[in-house]
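Please open the structure in your viewer and keep a selection tool at hand. The tour below goes from place to place, saying at each stop what to select and what can be found there.

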Amino acid sequence: MVKFLDLYKINQQYRKEIDEKISSVLNSGWYLLGKEDENFEADFAKYCNTKYCIGCGNGLDALSLIIKAMGFDYNDEIIVPANTYIASILAISYNNCKPVLVEPDINTYNINPELIEEKITNRTRAIMVVHLYGQAVEMDKIWELAKKYNLKIIEDSAQAHGAIYKGRKTGNLGDASGFSFYPGKNLGCLGDGGAVTTNDEQLANKIKALRNYGSNVKYHNIYQGVNSRLDELQAGILDVKLKYLDKENQRRREIANYYLENIKNEKIILRKSYDESANVWHIFPVRTKNRDDFQNYLKEKDIQTLIHYPIPPHKQVCYKEWNNLSFPITQTIHDTIISLPISPVMEDSEVEYVVKTVNAY
Ligand SMILES: *Cc1c(COP(=O)(O)O)cnc(C)c1O
């Protein structure tokens, strides 16, 4: 069986160091907002080349804390790709702001920068870019628009730890960035975890307070905050795994390149990267007309696949008001996309078997 993602095997590689870390946190008698959190925040900020990193409870909270800290009001508009995981959009509506959906580029699956300007109104406050499936958004046009209209740029980097655009890592491409360390992400902990990166000192301080009941000094609450902290155990485990992130991303690239070079089947559409280092291949999406048939075929051949994602956000029950809107490119992607197995612990023989099987479809 070729597993889609073998999390046990991924974490087993670092078993000794993780065990030691767990033991050391247990022995410390200090479990929240301590030395492990501080160390990880410093190391992850350094990794992203940003001035600040603030740990928090998960990726959704990271995005939500950014929007809250930016202080947007009721009905302020935030531009966001129509083709994304629902969390990007939930973070906006949770803060009573209005998500304004923009179609993706059919080649990159990321937001189409050429379609943003027509959606900008006098209520627009920010553009949220999502580096979807591990590929950094091409930022040039977005930087230009943000400057021209005085908009903030929020990055959703939950799927793209370590991806690089023009020499800058995700997390350092806008005003603030949200990361998720959900176990299946390129950098994942053993539970929920998240972080915000930014170069804005004021914003960093505000988020630091907001994640902890709105308080910097215990029992002095300056904001109506939330409880969303990265616990010491997860921070310590992430600090162990961060050291190996580049190596793991490199293995993902190797596998992706092998797929790109060797999958030769006219029924299967591959997504090319516009630049090698821009993509950390969180998933390896391909598109095909009879997607469900293709998935069943692979299942019979013992190859696990997943669909990212089966239902676009504008068709979800929780966004009834959008159900009649039409986003044909987003819809096409959702109807035809399927993710092949990719992970840093896949064996060469498994990768070769996937290629052979896909080519024989
Ligand atoms: C995983 C993910 C999130 C949310 O992260 P959680 O830690 O699960 O809350 C947000 N955006 C995208 C694009 C994601 O893939």
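What follows is a walk through a predicted model, beginning with its sheet and ending at its surface.

**The sheet**

Begin by selecting the seven strands of the open sheet, which are arranged in the order 1-9-8-5-4-2-3 with mixed pairing. At the edges stand strand 1 (52-56) and strand 3 (98-102), and because each has a single partner strand, one side of each is left without a neighbour in the sheet. If you follow the sheet from one strand to the next, the twist averages 20 degrees.

Now select strand 1 together with strand 9, which run antiparallel and are joined by five bridges. Within this pair, Ile54 stands opposite Val196 in strand 9. Adding helix 3 (residues 35-48) to the selection shows an element that packs on the sheet, where it touches strand 1, strand 8 and strand 9, and the direction of helix 3 makes about 130 degrees with that of strand 1.

**Strand 2 and its partner**

Move next to strand 2, and ask which residues cover its two faces. Glu77, Ile79 and Pro81 lie on one side, Ile78 and Val80 lie on the other, and all of them are buried. Since five of the five residues of strand 2 are buried, this strand is largely enclosed by the rest of the structure. Select strand 3 as well, and you will see that strand 2 and strand 3 pair in the parallel sense over five bridges, with Lys98 in strand 3 as the bridge partner of Glu77.

**Salt bridges**

Side chains of opposite charge can pair when their charged atoms come close, and this structure holds 17 salt bridges. Select Asp76 and Arg125, whose side chains meet in one of them at 3.3 Å, N to O. Asp76 lies in the loop between helix 4 (59-70) and strand 2 (77-81), whereas Arg125 lies in strand 4 (residues 124-130), so the pair ties together parts that are 49 residues apart in sequence. Are these two residues buried or exposed? Asp76 counts as buried because its relative accessibility is 4%, while Arg125, at 26%, counts as partly exposed. Another selection to make here is Lys21, Lys35 and Glu36, which are joined into one network by salt bridges that share partners.

Go on to helix 2 (residues 15-28), where Asp19 and Arg15 both lie, four residues apart, or about one turn of the helix. Their side chains meet in a salt bridge of 3.2 Å, N to O. Asp19 is partly exposed at 39% relative accessibility, and Arg15 is also partly exposed, with a relative accessible area of 41%.

Then select Glu17 and Lys243, which form a salt bridge whose closest N and O atoms are 2.5 Å apart. This pair links distant parts of the chain, with Lys243 in the loop between helix 8 (232-242) and helix 9 (245-262) and Glu17 in helix 2, 226 residues apart. Lys243 counts as exposed at 54% relative accessibility, whereas Glu17, at 26%, counts as partly exposed.

**A nonpolar patch**

For the last stop, show the surface and select Ile22, Leu190 and Leu233, which form a nonpolar patch there with about 210 Å² of accessible area together. Leu190 can be found in the loop between strand 8 (176-180) and strand 9 (194-198), and at 42% relative accessibility Leu190 counts as partly exposed.

Technical notes
Residues numbered from 1 in each chain as written. Predicted model: local features only at pLDDT ≥ 70, side-chain atom pairs only at ≥ 80, totals over all residues. Heavy atoms only, no water. Salt bridge = Lys/Arg side-chain N within 4 Å of Asp/Glu carboxyl O. Buried < 20%, exposed > 50% of the residue type's maximum accessible area, 1.4 Å probe, protein only. Patch = residues over 30% accessible without salt bridge, like charges linked within 9 Å, V, L, I, M, F, W, Y side chains within 5 Å. Areas by Shrake-Rupley, 256 points an atom, 1.4 Å probe, with all protein chains shown as cover. Pairing = 2+ DSSP bridges. Axes fitted to C-alpha atoms, helices over the stretch in contact; angles between N-to-C directions. Contact = heavy atoms within 4.5 Å.
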